[in-house]
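Biologist: I have a protein model open and I would like to learn how to read it. Could we go through it together, one feature at a time?

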Amino acid sequence: MSARDASKTVNLALQGGGSHGAFTWGVLDRLLDDERLSFEGICATSAGAVNAAVMAHGMTTGGRAGAKDALATFWRRVSDAAAFSPLQQTPFSRMMRSDLWFDMMTRLLSPYQFNPLNYNPLRQVLERSVDFERLRRESVIKLFLCATNVRTGKVRIFENGELSASAVLASSCLPFLFQAIEIDGEAYWDGGYMGNPAIFPLIYSCASTDVIVVHINPIVRNEIPRTASDILNRLNEISFNSSLMREMRAIAFVNKLVGKGTVRGDEMKSVLVHAIEAEAFMQTLDVESKLNVSWDFLTALRDKGRACAGEWLAANFDDLGVRSTIDVQGKYL
């Protein structure tokens with residue numbers, strides 16, 4: 001069997017970013033097409049956690065085809081549900097720039113005031129799309145979903161035996177839009193504040209040394225933001241990338257020690273890091289587009305993700321299990 005035909009086992013690290021998570025849908029859809037790949041673990045945050053749960057459900061109940069169908073069905077349901085959501089913009093509201101009004105409202109009123117019933121249409125869509133009870137019992141993929149503990153400020157990792165719609169919602173709970181998700185007496189906000197996503201669960205709990213990071217938050221922007229919304233968006237991007245960059249610094253340091261023989265490989269393992277991204281494309285999307293779940297927009301992101309994943313596979317598949325395909329130090333340090 002040639003290196004190009006050999007099976008490779010990888011771990012996935014999926015970032016969050018609202019409806020931009022449809023890009024990750026496309027990446028996963030394309031990776032699932034390649035039967036040379038198998039998936040051991042997925043660590044994910046926010047929209048990434050949603051994709052991870054839906055993919056694992058589909059894989060567990062119907063294999064690769066089941067995962068592809070589950071992802072497509074989920075995103076279709078999200079788009080359909082948003083037609084009746086107050087968060088989804090209409091052509092008229094876009095013309096009237098209601099996004100600015102909404103931004104002002106969320107700064108003056110908390111979700112405990114403007115959404116006292118804590119309505120979140122994503123809960124119903126998740127419960128229709130994922131059999132969490134079965135996922136807790138027999139998921140074929142190790143899942144690690146990141147949330148931020150409101151009280152302690154620490155990252156909380158929900159693993160397979162703890163999976164629920166509430167755990168996924170905790171990972172994707174933006175505090176300006178939704179009330180904190182309470183689980184076992186603790187309150188949680190979006191995991192992006194402390195791990196977008198965390199990498200350490202994949203290092204500690206998975207045998208595969210390959211981690212493919214699916215980026216949807218631009219690390220670099222060449223233009224200096226000047227409008228209030230652009231400044232806020234850039235601050236969010238920096239904040240949501242910071243934890244990942246800190247972990248990558250640690251990974252680069254450990255890899256260097258192992259490479260020099262300073263520590264033994266059985267004490268610490270080298271991690272092979274890969275990235276699938278569309279940095280230039282994501283830079284063209286404004287902050288309001290993270291709430292755009294129109295079907296045309298979602299499928300355009302999906303198609304972009306599929307294309308990027310296909311290009312990445314063609315260029316880098318043979319390097320899996322051999323070397324990192326990005327310069328970790330140059331990209332993250």
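Biologist: Let me begin inside: which residues line the second largest cavity?

Modeller: Happy to start there, and please keep in mind that this is a predicted model. The second largest cavity is lined by His215, Ile216, Asn217, Pro218, Glu277, Ala278, Glu279 and Met282. Its volume is about 30 Å³. Sorted by class, that lining has four nonpolar, two polar and two charged residues.

Biologist: How many cavities of 30 Å³ or more does a search of the whole structure find?

Modeller: Such a search finds two. The largest cavity holds about 40 Å³ of space. Among the residues lining the largest cavity are His20, Asn233, Glu237, Leu285 and Lys290. Ile216, Pro218 and Met282 also belong to the lining of the largest cavity, and these three residues appear in the lining of the second largest cavity too. The classes in the largest cavity's lining are five nonpolar, two polar and four charged residues.

Biologist: Glu237 caught my eye. Is Glu237 buried or exposed?

Modeller: To judge that, look at the relative accessible area, where buried means under 20%. Glu237 has a value of 2%, so it counts as buried. You will find Glu237 in helix α10, which covers residues 228-260. Leaving aside residues up to four places away in sequence, Glu237 touches Pro218 and Arg221. Pro218 and Arg221 are also part of the lining of the largest cavity, as is Glu237.

Biologist: Now the strands, please. How many residues of strand β7 are buried?

Modeller: Five of the five residues of β7 (residues 210-214) are buried, so this strand is largely enclosed by the rest of the structure. Next, check which way the residues point. Asp210, Ile212 and Val214 point one way from β7, while Val211 and Val213 point the other way.

Biologist: Which strands pair with β7?

Modeller: Strand β1 (residues 8-14) runs parallel to β7 and is joined to it by four bridges. To find that pairing on screen, look for Leu12, which stands opposite Ile212 in β7. Strand β8 (residues 272-276) also pairs with β7 in the parallel sense, over five bridges. There, Asp210 has Leu272 in β8 as its bridge partner.

Biologist: Why is strand β3 described as largely enclosed?

Modeller: The reasoning again rests on burial: seven of the eight residues of β3 (residues 142-149) are buried, so the rest of the structure largely encloses this strand. Now follow its pairings. With strand β2 (residues 37-45), β3 pairs in the parallel sense over five bridges, and Thr45 stands opposite Cys146 in β3. With strand β4 (residues 155-159), β3 runs antiparallel, again over five bridges. Ala147 has Arg156 in β4 as its bridge partner. Strand β6 (residues 186-190) is antiparallel to β3 as well, with three bridges, and Asn149 is matched with Tyr188 in β6.

Biologist: What lies between β3 and β4?

Modeller: The two strands form a hairpin with five residues between them. In the turn, Gly153 has a positive phi of about 75°.

Biologist: Last topic: charged side chains. How many salt bridges are there?

Modeller: Here is the general idea: side chains of opposite charge can pair when their charged atoms come close. In this model the count comes to 18 salt bridges. One of them joins the side chains of Lys68 and Asp33, at 3.0 Å from N to O. That pair links distant parts of the chain, with Lys68 in helix α2 (residues 47-82) and Asp33 in helix α1 (residues 21-33), 35 residues apart. Asp33 is partly exposed, at 35% relative accessible area. Asp33 and Lys68 also belong to a salt-bridge network with Asp29 and Arg306.

Biologist: Which residue forms a salt bridge with Arg137?

Modeller: Glu133 does, with the closest N and O atoms 3.7 Å apart. Arg137 and Glu133 are four residues apart in helix α7 (residues 132-138), so about one helical turn separates them. Arg137 counts as exposed, at 55% relative accessibility. For another example, try Arg36 and Asp34, whose closest N and O atoms are 2.6 Å apart in their salt bridge. Asp34 is buried, with a relative accessible area of 7%.

How values were computed. Residues are numbered from 1 along each chain as its sequence is written. This is a predicted model: local features need pLDDT of at least 70, side-chain atom pairs count only at pLDDT 80 or more; totals for chains, interfaces and linings use all residues. Side-chain values use heavy atoms; hydrogens and water are left out. Buried means under 20% relative accessible area, exposed over 50%, partly exposed in between (1.4 Å probe, protein chains only). Two strands pair if DSSP finds at least two bridges between them. Contact means heavy atoms within 4.5 Å. On a 1 Å grid over the protein atoms alone, a cavity is a set of points where a 1.4 Å probe fits but cannot get out, and a pocket is an open set with protein on both sides within 12 Å along at least five of seven lines; lining residues have an atom within 4 Å of a point. Grid points are joined across faces, edges and corners, and a volume is the space filled by probe spheres set on the points. Ala, Val, Leu, Ile, Met, Phe, Trp, Tyr, Cys and Pro count as nonpolar, Asp, Glu, Lys and Arg as charged, and the others, Gly among them, as polar. A salt bridge is a side-chain nitrogen of Lys or Arg within 4 Å of a carboxyl oxygen of Asp or Glu.
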